[in-house]
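Open the structure in your viewer and switch to a cartoon display. Keep the sequence panel visible for making selections.

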Amino acid sequence: MAHVHVTRGVREHLEAVELGLGPIYIGMEGICALPLVLPPMLDLGVVVPHVGGSPTPRSQVTSLRCRRYEGFMLGEGEFDKRVSEDGIEVWVTMMGPYLNMNTAFIDRMAGIVAIIDPFDASEWSSALSAEGLEPTHILYTHTHRDHAAGYPGMLSLYPDLEVWGHVDARVPDLLSHMVFSEVAFTNEWAQPAGESIEWSVGGIRLTVTHTPGHAPGHVTLHGHGVFHAGDLLFTNGMGRVDLPGSDPMDQWDSIRTGREILRSLPGSWRMIPGHRYDWIDGSTPDWVSIADALKHNYALNSPGLG
Ligand SMILES: [Fe+2]
């Protein structure tokens with residue numbers, strides 16, 4: 001009998017996996033106490049790599065694949081690496097106890113590595129240096145402590161980094177010690193809420209959209225096959241608006257802006273959230289397609305959006 005407890009993070013998954021004969025039970029820890037009995041090939045998009053026959057050694061159980069998205073549920077520090085049609089590499093990883101999603105855009109020929117919200121400096125450093133790369137730019141969606149957790153380490157390893165963020169993300173001192181981290185931007189975006197600007201370096205071309213509400217100065221970034229939502233959107237929901245500096249009305253305006261952008265992009269692009277939280281089926285994919293986000297995300301489908 002195989003028991004697969006769906007928790008938040010593949011490491012926890014693997015800790016909980018006991019493979020053998022019989023049906024698969026999937027329980028959602030903290031969400032649902034009663035396990036669901038599910039067939040080996042799930043309509044929900046989850047494939048358990050081995051069911052029946054001889055037990056598979058844990059070392060060979062590498063992932064619970066989310067077939068719909070052709071992606072892994074990444075383990076902490078594990079990287080999904082792809083090359084977009086224009087030759088720009090896109091690396092995506094999940095790091096830290098808050099399941100922060102990081103995306104990097106890499107122009108290898110130009111030696112440019114731009115990372116969104118790097119959580120763990122040493123993990124990024126070792127992954128990049130293994131391929132002869134170094135980070136050159138950090139792009140901040142916002143400056144909540146979890147998103148800026150890697151800032152001191154990155155700057156100490158790479159003092160010449162360009163650090164980009166929206167000017168409004170420089171928060172007052174009153175708030176800075178509670179939920180924000182002090183980040184010294186070397187360069188700032190300053191467009192009004194709801195507006196986008198193009199950001200480019202080497203062959204990397206990103207659209208940066210000011211989407212405040214969850215946090216002041218929040219931005220989303222899209223290009224090269226991904227929409228990195230930060231905490232504007234998670235796969236099935238949106239960022240909370242009850243924190244210091246949050247503004248619920250701004251957030252709904254930003255959700256509307258985000259929906260417009262998502263509708264204008266190819267549905268097959270990946271929508272990468274700021275955190276890997278639950279999808280509508282109880283699984284926790286690292287990303288969903290833009291088409292699925294538009295169809296199922298509750299914030300994007302709120303009747304109040306009009
Ligand atoms: Fe946040």
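This tour of a predicted model visits two sheets and some of the strand pairs within them.

Start with residues 79–83 and 89–95, which are strands β6 and β7. They pair in the antiparallel sense, over five bridges. Show K81 as sticks and look across to β7, where W91 stands opposite. Next, select the turn of this hairpin: five residues lie between the two strands, and G87 has a positive phi near 90°.

Now widen the selection to the whole sheet. It is open and has seven strands, in the order β6-β7-β8-β9-β10-β11-β12, and its pairing is mixed. The edges are β6 and β12 (187–189); each has a single partner strand, so one side of each has no neighbour in the sheet. From one strand to the next, the twist averages 20°.

Move to the β12 edge and add residues 162–166, strand β11. Here β11 and β12 pair in the parallel sense, over three bridges. Select G165 to find E188 of β12 opposite.

Strands of a sheet pair through backbone hydrogen bonds, whether parallel or antiparallel. Turn on the backbone atoms for the next stop.

The other sheet on this tour is open and consists of six strands in the order β13-β14-β15-β16-β17-β18, with mixed pairing. Select 196–201 and 288–289: these are β13 and β18, the edge strands, and each has a single partner strand, so one side of each is left without a neighbour in the sheet.

Finish inside this sheet with residues 219–223 (β15) and 226–230 (β16), an antiparallel pair with three bridges. Show H222, and F227 of β16 is opposite.

Terms used
Residues numbered from 1 in each chain as written. Predicted model: local features only at pLDDT ≥ 70, side-chain atom pairs only at ≥ 80, totals over all residues. Pairing = 2+ DSSP bridges. Helix = DSSP H or I, 4+ residues; strand = E, 2+ residues; numbered from the N terminus. Axes fitted to C-alpha atoms, helices over the stretch in contact; angles between N-to-C directions.
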